[in-house]
Amino acid sequence: MTEKLTRPPFAEQRAHSYERHGYQISDPWHWLKDPRYPVVEDEDILAYLKAENQWFEQNMADRKPLTEALFQEMKARIKEDDSSVPQKDGDWFYWSKFEQGMQYRQHWRKPVSGGEDQLMLDENVLAEGKEYFRLGAASVSPDGRLLAYAYDDNGSERFEARIKDLISGELLPDVIPGTLSSLVWSADSKMLLYGLANEQWRTDNARLHVLGSDTADDIELYHEDDEGYRVGIGLTHSEKYIVISTGDHETSEVRLVPTDNPLAEPVLVSARQTGREYEVEEHDGTLYILTNDDHVNFRLATAPVSEPDQWTTLIAGSDDFYLTDVCTFRNFYVTEGRENGLDQVEIRSYDDPSKVERISFPEASYSAGLDDNPEYDVDKLRLGYASMVMPNTVFDYHLADRSLETLKVQEIPSGYDASQYVTERLMIEVRDGTQVPVSLVYRKDTKIDGSAPLHLYSYGAYGYAVPPSFSTTRLSLVDRGFVYAIAHIRGGDDLGRNWYLDGKLAKRTNTFNDFVDVAKCLIDRGYTRKGRITASGGSAGGELMGAIVNSDPDLWGAVVAHVPFVDVLNTMQDESLPLTPGEWPEWGNPITDKTAFEYIRSYSPYDNVTAQAYPPMMITGGLNDPRVTYWEPAKWAAKLRATKVDDNILLLKTNMGAGHGGKSGRWNALEETAEEFAFLLWQMGMAE
């Protein structure tokens, strides 16, 4: 039996320093990075992580009843035997479902002409005996006979691809280990395109596998030489072309290969130009190109397939409308975007550019967009919709009469009454005068007099907009009197592409300032009070958590940072790490650029831990995480323990058999959310 710890684990300090741009940087917890990573075998490192996990378990032991109660109420809101809405694709209807009690999905189909349901793939069987399982890419061949799928069984995001004969139920002998891409079929169903991850976990290639052949003989159709770029593989909606794309966070380049002749020389649409992004669709010999070349909010251009770099504007860029996507269908095309931060879906005519049909949605604040629409020739569109108070809803939009048909509303077995909740959208002025949107939800009977606890969530990076959507787990806080707020801060692209640009590189600290200023304004407006705000974020949102506890530690009642990207300065100088070269356009390159080095050093959470009181904190990591490596949260926790001057609880939990997304399986993931909420309620004095 393991002896109970009487005090928090302390990782020893070992002298380590380096010099860059005239600065001498000391990093006494550098040793927590195993030099053999992704293999982690160093006994000292493992002993420290296990001690932290033991400290976590000891301190959460008294919270077990609350954690279990939260888990059970969260589970009660989930329909256990849930199923997606079947969707037609060619001769088949496809859907997925959960069986009662099962952790993972089953994937089914049945003939459109009638016949028995067919089980294509059962993730529960594939996951049996595994601590972690995640299904990645999956694609049915054009002839409907074969299913190519890839899975990761340790969280490292190195997937193994297999091919299953859906008629016989047997697996083909073809095995492709180490994939990190989509799986795309040739038109004749005899060849499969994929991308391999290299030693640095970077996809720098597009490869072609002929069924039945040795994978050692697979053909490399494209190789990317720039270590900062990643290669992706896709398919135009017309299914005439395979799309081989490459790019980083600010530049892209696309090549096309006919699906009926994937060995043809790839056609370059337009050579890369630094700072120009574009993506391509096709219809009837014309390319539809979404690009930011002459407007930050993107324009839509066309070009003949025969002259792919001769672009003509079809929809000009707009200061008011942020154009985010285009999808071509046989008789119309659809553009998606945001206006005033709200999702818009517009149906457009090939023949008449002035003919635009915007789909209307029933609420003033919501999240909406195209859902699964695999077929090219359709007379209705599958849409997804939700709001802060409206459960996830699946619509079919009928083009003939412009009507929305409700196919499914997320069922909440334990009961849910939307009329008992209030949602608001505020505009809050932050320190530089910018107006930042904030989405709120709370119960009608919650008093807005400063007494309520408030949970503030955000991400704020990579141009990812956090949608004002629905969450069943969130209700466990809201029903206990919390106001739940999402801050749509800069770094995301909620209000357009400039919103993203104003939170990256030399403007990164806008993201942190926005979050802090939103919190202070919510206090001023009576939604909560100082010390009654809890906050959470993950990955780059975990970096946000690290920055705001350094800058304003007394503002927060408790903070949860999941797989936090907090060792920014060191990570951005480590070219051996999977993501680093591709991340320089997002954060800056501190190796070559002294200004970037100084700026990152000024905010990097790990580098700015000081001898001050910090709020109660819960930090998580994943031993196999290739995105935010396990040593980032470990080093941060170790430095906090050695530096902070308070007695507030600090917990570090490292998933020893998982990666960036935490535990797999719907119940395991739900247990981790219950654990997080139990920690927050405990620190708010609401654990009873």
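A cavity is a set of grid points where a 1.4 Å probe fits but cannot get out. With that in mind, a search of this whole structure turns up one cavity of 30 Å³ or more. Keep in mind that the model is predicted. Below are its empty spaces, one pair of packed helices and two backbone spots worth a look.

**The cavity**
- The largest cavity holds about 30 Å³ of space.
- Its lining is made up of Met388, Val441, Phe470, Ser471, Arg474, Leu475 and Val478.
- Sort those residues by class and you get five nonpolar, one polar and one charged.

**The second largest pocket**
- This pocket has about 290 Å³ of space in it.
- There are 20 residues in the lining, and the ones nearest the centre of the pocket are Arg338, Asp343, Ser367, Ala465 and Pro467.
- Three elements each give two or more residues to this lining: strand E24 (333-339), strand E25 (342-348) and strand E27 (367-370).
- Strand E24 gives the most, with three residues.
- The class mix of the pocket lining is seven nonpolar, seven polar and six charged residues.

**Two helices that pack**
- Helix H1 covers residues 43-60 and helix H12 covers residues 666-683; they pack with their axes 12 Å apart, at an angle of about 60 degrees.
- That angle makes H1 oblique to H12, because it falls outside the 65 to 115 range that counts as roughly perpendicular and isn't under 35 or over 145 either.
- If you look at how H1 and H12 cross, the crossing is left-handed.
- On the H1 side, the contact is made by Phe56, Asn59 and Met60, while H12 brings in Glu675, Ala678, Phe679 and Trp682.
- By class, this contact between H1 and H12 has five nonpolar residues, one polar and one charged.

**Backbone spots to look up**
- Is the peptide bond from tyrosine 37 to proline 38 cis or trans? It's cis, with omega near 15 degrees.
- To find proline 38, go to the loop between strand E2 (23-26) and H1, the helix that packs with H12.
- Glutamate 157 has a phi near 65 degrees, which is a positive value in a residue other than glycine.
- You'll find glutamate 157 in the loop between strand E8 (146-152) and strand E9 (159-165).

Definitions and conventions. Residues are numbered from 1 along each chain as its sequence is written. This is a predicted model: local features need pLDDT of at least 70, side-chain atom pairs count only at pLDDT 80 or more; totals for chains, interfaces and linings use all residues. Side-chain values use heavy atoms; hydrogens and water are left out. On a 1 Å grid over the protein atoms alone, a cavity is a set of points where a 1.4 Å probe fits but cannot get out, and a pocket is an open set with protein on both sides within 12 Å along at least five of seven lines; lining residues have an atom within 4 Å of a point. Grid points are joined across faces, edges and corners, and a volume is the space filled by probe spheres set on the points. Helices (H or I, at least four residues) and strands (E, at least two) are DSSP runs, numbered from the N terminus. Ala, Val, Leu, Ile, Met, Phe, Trp, Tyr, Cys and Pro count as nonpolar, Asp, Glu, Lys and Arg as charged, and the others, Gly among them, as polar. Axes are lines fitted to C-alpha atoms, for helices over the stretch in contact, and angles run from 0 to 180 degrees between N-to-C directions. A crossing is left-handed if the near helix is turned anticlockwise from the far one by less than a right angle, and right-handed if clockwise. Contact means heavy atoms within 4.5 Å.
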